[in-house]
Amino acid sequence: MEISGNLPHAEYRRFESLREYETVIDSMIPQTQRVIRIFDKNLSRAYNSPQRFEALRQFLLASRANRLVVVLHETATVRRDCPRMLELLSLFTHAMSIRQTLGAAKLIYDPFVIFDASHYVHRFHYDHMRAAQGSNDVDGAQVLLDRFTEIAEASAPALSANVSGL
């Protein structure tokens, strides 16, 4: 008998829609208790929507222990297209970071978001919309957590809450 670390009612499902991918992210934010980890090539414009901004703000306000960690290949889109994410960064400097990948980490092509340590959404390539959602899937989330740790270690702080160049 194989022992699994999964919680009861673990679920895994695949889908192929950008709208569904963004909807899954929006639905998982309010359920998250401690940490949201985002890895992507860049942030979509959905991260600048008033609804996602408010959901992330409420998540960060819920506890001083809550964390939002973002690692991106490209951060220019955050500066250009996501002023609400920059506002979150300025409001929650103690709880949020945006990092940029370095070196070989730039070759990683499958974006994912991990909610706590048991829920996730995972795209198989940033150029395609094939994706999967895991709920109560501790084993699947652990694989992504390990990858996220490696990616974060191969990154550097990219954006800060301070305005520079004045």
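Here are some questions and answers about a predicted model of a single chain.

Q: How many helices and strands does the chain have?
A: Read along the sequence, the pattern is β-α-β-α-β-α-α-β-β-β-β-α-β. Tallied up, that chain comes to 5 helices and 8 strands.

Q: What radius of gyration does the chain have, and what does the globule rule give for 166 residues?
A: The C-alpha atoms fill a box of roughly 65 × 35 × 30 Å along the principal axes. The chain's radius of gyration is close to what the rule gives, so the chain is as compact as a globular protein of that length. The two values are 16 Å for the chain and 15 Å from the globule rule.

Q: What share of the contacts with a separation of 6 or more comes from residues 24 or more positions apart?
A: One such long-range pair is Pro111 and Asp40, which sit 71 residues apart in sequence and touch each other. Across the chain, pairs 24 or more positions apart account for 73% of the contacts with a separation of 6 or more.

Q: How much of the area that the chain exposes do carbon and sulfur atoms supply?
A: Buried residues make up 43% of the 166 residues. The chain still exposes about 8900 Å², and the share from carbon and sulfur is 52%.

Q: How far apart are the mean positions of the positive and negative charges?
A: There are 19 positive and 19 negative charges in the chain. Their mean positions are separated by 7 Å.

Q: Which strand does β2 run parallel to, joined by 6 bridges?
A: Strand β2 covers residues 35–40, and 5 of its 6 residues are buried. Its partner covers residues 67–72 and is also mostly covered, with 5 of 6 residues buried. The 6 bridges run between β2 and that parallel partner, β3.

Q: Which residue in β3 stands opposite Phe39?
A: Strands β2 and β3 run parallel, and Phe39 falls within residues 35–40, the span of β2. Across from Phe39, in β3, stands Val71.

Q: Is Asp116 buried or exposed, and at what relative accessible area?
A: Asp116 lies in the loop between β5 (112–115) and β6 (119–123). Its phi is positive, about 55°, although Asp116 is not a glycine. The cut-off for buried is under 20% relative accessible area, so Asp116 counts as buried at 18%.

Q: What relative accessibility does Asn136 have?
A: Asn136 is another residue other than glycine with a positive phi, near 55°. It sits in the loop between β7 (131–135) and α5 (138–153). Partly exposed runs from 20% to 50%, and Asn136 falls in that class at 23%.

Q: What distance separates the C-alpha atoms of Leu89 and Leu159?
A: Leu89 belongs to helix α4 (residues 83–91) and counts as buried at 4% relative accessibility. Leu159 is 70 residues away along the chain. In space, the C-alpha atoms of Leu89 and Leu159 are separated by 8.5 Å.

Q: Which residues does Asn48 contact, leaving aside neighbours within four places in sequence?
A: Asn48 is placed in the loop between β2 and α2 (50–62). At 16% relative accessibility, Asn48 counts as buried. Its contacts are Asp81, Cys82, Pro83 and Arg84.

Q: How far apart in space are Pro111 and Asp40, C-alpha to C-alpha?
A: Pro111 is in the loop between β4 (96–101) and β5, and it's buried at 1% relative accessibility. Among the residues it touches beyond four places in sequence are Tyr21, Phe39, Val121 and Tyr126. Asp40 is on that contact list too, and the C-alpha atoms of Pro111 and Asp40 are 4.4 Å apart.

Q: What is the C-alpha distance between Asp110 and Arg84?
A: Asp110 is in the loop between β4 and β5 and counts as buried at 9% relative accessibility. Not counting residues up to four places away, it touches Phe39, His122, Arg123, Phe124, His125 and Arg147. Arg84 is 26 residues away in sequence, and the C-alpha distance from Asp110 to Arg84 is 24 Å.

Methods: Residues numbered from 1 in each chain as written. Predicted model: local features only at pLDDT ≥ 70, side-chain atom pairs only at ≥ 80, totals over all residues. Heavy atoms only, no water. Helix = DSSP H or I, 4+ residues; strand = E, 2+ residues; numbered from the N terminus. Rg over C-alpha atoms; globule rule 2.2 N^0.38 Å. Buried < 20%, exposed > 50% of the residue type's maximum accessible area, 1.4 Å probe, protein only. Contact = heavy atoms within 4.5 Å. Areas by Shrake-Rupley, 256 points an atom, 1.4 Å probe, with all protein chains shown as cover. Lys, Arg positive; Asp, Glu negative; His and termini not counted. Charge placed at Lys NZ, Arg CZ, Asp CG, Glu CD. Pairing = 2+ DSSP bridges.
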